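Here is a short report on one protein chain. Keep the sequence and the 3D view side by side as you read.

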Amino acid sequence: MKKNLAALALVLLFSVTACLSAVLAEEAVKMEVVEIEGFIGFALPSDWEYPLLNEEEQEQGMLIVGADREKNLMLTLSFHGPYRDVTTQALMDEFQSYANVELVENKHGTQVVRYEYLDGTLTGFYVLADNGLVYAFSYGHLDGTLLQDDEPILSQILEDSVQIVYFPAE
């Protein structure tokens with residue numbers, strides 16, 4: 001009996017160690033800084049797919065759509081406006097009815113409105129440019145499954161993106 005319990009404990013310890021090793025061994029996503037000259041600088045995962053957008057998508061304000069099919073992750077970057085007299089606080093107030101929102105200031109001094117939809121479908125952030133354009137960065141799963149509380153890859157991409165976004169000096 002003692003041998004069986006010892007063997008079971010050893011198997012459980014090995015399983016937990018193997019799972020932790022796999023999680024810890026997962027490499028950080030390499031990010032690439034991209035700048036739309038004169039408008040905005042931001043970070044994108046460097047090894048994702050970025051298909052060309054059609055004319056209709058571009059007219060709707062879409063700038064980038066990206067995906068990592070293997071990890072079931074996607075991102076979109078779009079812009080809206082320009083709006084007159086919109087403030088960061090107004091953005092937060094508008095989204096609070098359907099998202100958890102938080103105002104953060106990144107390492108460039110850019111104010112960023114982080115959000116996570118209450119229905120668990122998307123997370124991301126908004127930034128407001130001086131010219132009234134609102135840039136929306138959205139992240140989620142390609143297959144529409146809900147976000148989980150602990151998604152290290154998505155968390156890293158989101159945090160890196162929040163910290164890197166900036167507006168070039170004119």
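## The cavity

This is a predicted model. The structure holds one cavity of 30 Å³ or more. Its volume is about 40 Å³.

Which residues line the largest cavity? They are Ala43, Leu44, Pro45, Leu75, Thr76, Leu77, Phe137, Tyr139 and Ser161. Three elements each give two or more residues to this lining: strand S2 (40-45), strand S4 (73-80) and strand S8 (134-141). How does the lining divide into nonpolar, polar and charged residues? Seven are nonpolar, two are polar and none is charged.

## The chain as a whole

Now step back from the cavity. The chain has four helices and eight strands. Follow the sequence from its start and the order is α-β-β-α-β-β-α-β-β-β-β-α. The pattern opens with a helix and ends with a helix.

The chain has 170 residues, and 39% of them are buried. Its accessible surface comes to about 10,800 Å². Carbon and sulfur atoms account for 55% of that surface.

Contacts tell you which parts of the chain meet. Take the contacts between residues at least 6 apart in sequence. Of these, 49% join residues at least 24 apart.

## A hairpin of two strands

Next, find strand S5 (residues 99-105) and strand S6 (residues 111-117). Do they run parallel or antiparallel? They run antiparallel, and seven bridges join them. One pair to look for is Asn100 and its bridge partner in S6, Glu116.

Between the two strands of this hairpin lie five residues. Look for Gly109 in the hairpin: this glycine takes a positive phi, near 85 degrees.

As you trace the strands, keep one general rule in mind. In a regular strand, side chains alternate between the two faces of the sheet.

## Ser155 in the last helix

Finally, turn to helix H4, which covers residues 152-164. Ser155 is found there. Is Ser155 buried, partly exposed or exposed? Its relative accessible area is 40%. Buried means under 20% and exposed means over 50%, so Ser155 counts as partly exposed.

Now compare Ser155 with Thr123. The two are 32 residues apart along the chain. In the model, their C-alpha atoms are separated by 9.6 Å.

Notes: Residues numbered from 1 in each chain as written. Predicted model: local features only at pLDDT ≥ 70, side-chain atom pairs only at ≥ 80, totals over all residues. Heavy atoms only, no water. Pairing = 2+ DSSP bridges. 1 Å grid on protein atoms, 1.4 Å probe; cavity = no way out; pocket = protein on both sides within 12 Å on 5 of 7 lines; lining within 4 Å. Points joined across faces, edges and corners; volume = space filled by probe spheres on them. Nonpolar A, V, L, I, M, F, W, Y, C, P; charged D, E, K, R; others polar. Buried < 20%, exposed > 50% of the residue type's maximum accessible area, 1.4 Å probe, protein only. Contact = heavy atoms within 4.5 Å. Areas by Shrake-Rupley, 256 points an atom, 1.4 Å probe, with all protein chains shown as cover.
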